[in-house]
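The questions below take one structure element by element. Each answer works from the coordinates to a name or a value.

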Amino acid sequence: MAHILVIEDDPATADHIVASLQAHGHVTTHVADGDLGLERATREPFDAATLDRMLPGRDGLSVVAALRARRIALPVLMISALGDVDERIAGLRAGGDDYLVKPFAPEEMAMRIEVLLRRREDPANAATLQVGDLVVDLIRREITVAGQPVRLLHMEFRLLEFLVRHAGDTLSRRIIFEQVWGYYFDPGANLINVHIARLRKKLDRPGRPSAIVTVKGEGYRFDAD
């Protein structure tokens, strides 16, 4: 049983979300505006949250961005009628962990919450990840290389975490896109290239090969050496 914060201003949608989550054995708390949602998420120990994109007061992007700025790692499923690729990217880039487009099946919503909860509870999710002199602090969401802090944007951090968790493995662009950005692979998307280039610029050191290796025709690999 988990305690889920439901931040949704539409009464009918909120009722569907609450009913589905409760049918799966969860406890829910519902609030109808962004300011109150941020306040509750900041001061109470929820296990996950559903977050509407368009809200009175703070909108969903502002709420999740504020949570991440305060280093609150609450898993957030963003829910919105705004379903084009740019909107989904904006929601995930702001700090959302997953993005569901309205109208949606309540059962799918509940399953997506279950996935977020499993990720949080997985014993493999240690507090820190380390490869060589790179340390990823998953609680503080901080990176150090040889003891020096490296500042990453939210999606850069997510991408690096995924690469480090699978250090030594060659990961296809499709797998990276779907696991990090959270929706189906778009072969025309340039997001991976842009974020890999940014990570290399921030992590690579003069005179040493990049830890993020391009495997021609296959994808990318984070070298454990």
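A pocket here is an open set of grid points with protein on both sides within 12 Å along at least five of seven lines, and its lining residues have an atom within 4 Å of a point. Helices are DSSP runs of at least four residues, numbered from the N terminus. The model is predicted.

Q: Which element gives the largest share of the lining of the second largest pocket?
A: The second largest pocket holds about 530 Å³ of space and is lined by 20 residues. Elements giving two or more residues to this lining include helix H3 (60-69), helix H4 (85-94) and strand S8 (142-145). The largest share, four residues, is that of H6.

Q: Which residues lie nearest the centre of the second largest pocket?
A: The lining has 20 residues in total. Those nearest the centre are Arg 141, Arg 151, Leu 152, Leu 153 and His 154.

Q: What span should helix H8 (residues 191-203) have at 1.5 Å a residue?
A: The expected span is 1.5 Å times one less than the number of residues. H8 has 13 residues, and its end C-alpha atoms are 18 Å apart, which agrees with the expected value of 18 Å.

Q: What arc around the axis do the buried residues of H8 cover?
A: Buried means under 20% relative accessible area. In H8 this holds for Leu 191, Ile 192, His 195, Ile 196, Leu 199 and Leu 203. They lie on the same side of H8, because the arc they cover is only 120°.

Q: What is the bridge partner of Ile 4 in S2?
A: Strand S1 (residues 3-7) and strand S2 (residues 27-31) run parallel and are joined by five bridges. With helix H1 (residues 11-23), S1 and S2 make a right-handed β-α-β unit. In S2, Ile 4 is bridged to Thr 28.

Q: Which strands are the edge strands of the open sheet with the order S10-S12-S11?
A: This sheet has three strands with antiparallel pairing. Four bridges join S11 to strand S12 (residues 219-222), and one bridge pair is Ile 212 with Phe 222. An edge strand pairs on one side only, which holds for S10 (170-171) and S11 (212-215).

Q: What is omega at the cis peptide bond between Lys 102 and Pro 103?
A: Pro 103 sits in the loop between strand S5 (98-101) and helix H5 (106-121). The bond that joins Lys 102 to Pro 103 is cis, with omega about -5°.

Q: Is Ala 146 buried, partly exposed or exposed?
A: Ala 146 is in the loop between S8 and S9, and its phi is positive, about 55°, although it is not a glycine. Buried needs under 20% relative accessible area and exposed over 50%. The relative accessible area of Ala 146 is 46%, so Ala 146 is partly exposed.

Methods
Residues numbered from 1 in each chain as written. Predicted model: local features only at pLDDT ≥ 70, side-chain atom pairs only at ≥ 80, totals over all residues. Heavy atoms only, no water. Pairing = 2+ DSSP bridges. Right-handed = clockwise from strand over helix to strand, strands pointing away. Buried < 20%, exposed > 50% of the residue type's maximum accessible area, 1.4 Å probe, protein only. Arc of directions from axis to C-beta. 1 Å grid on protein atoms, 1.4 Å probe; cavity = no way out; pocket = protein on both sides within 12 Å on 5 of 7 lines; lining within 4 Å. Points joined across faces, edges and corners; volume = space filled by probe spheres on them.
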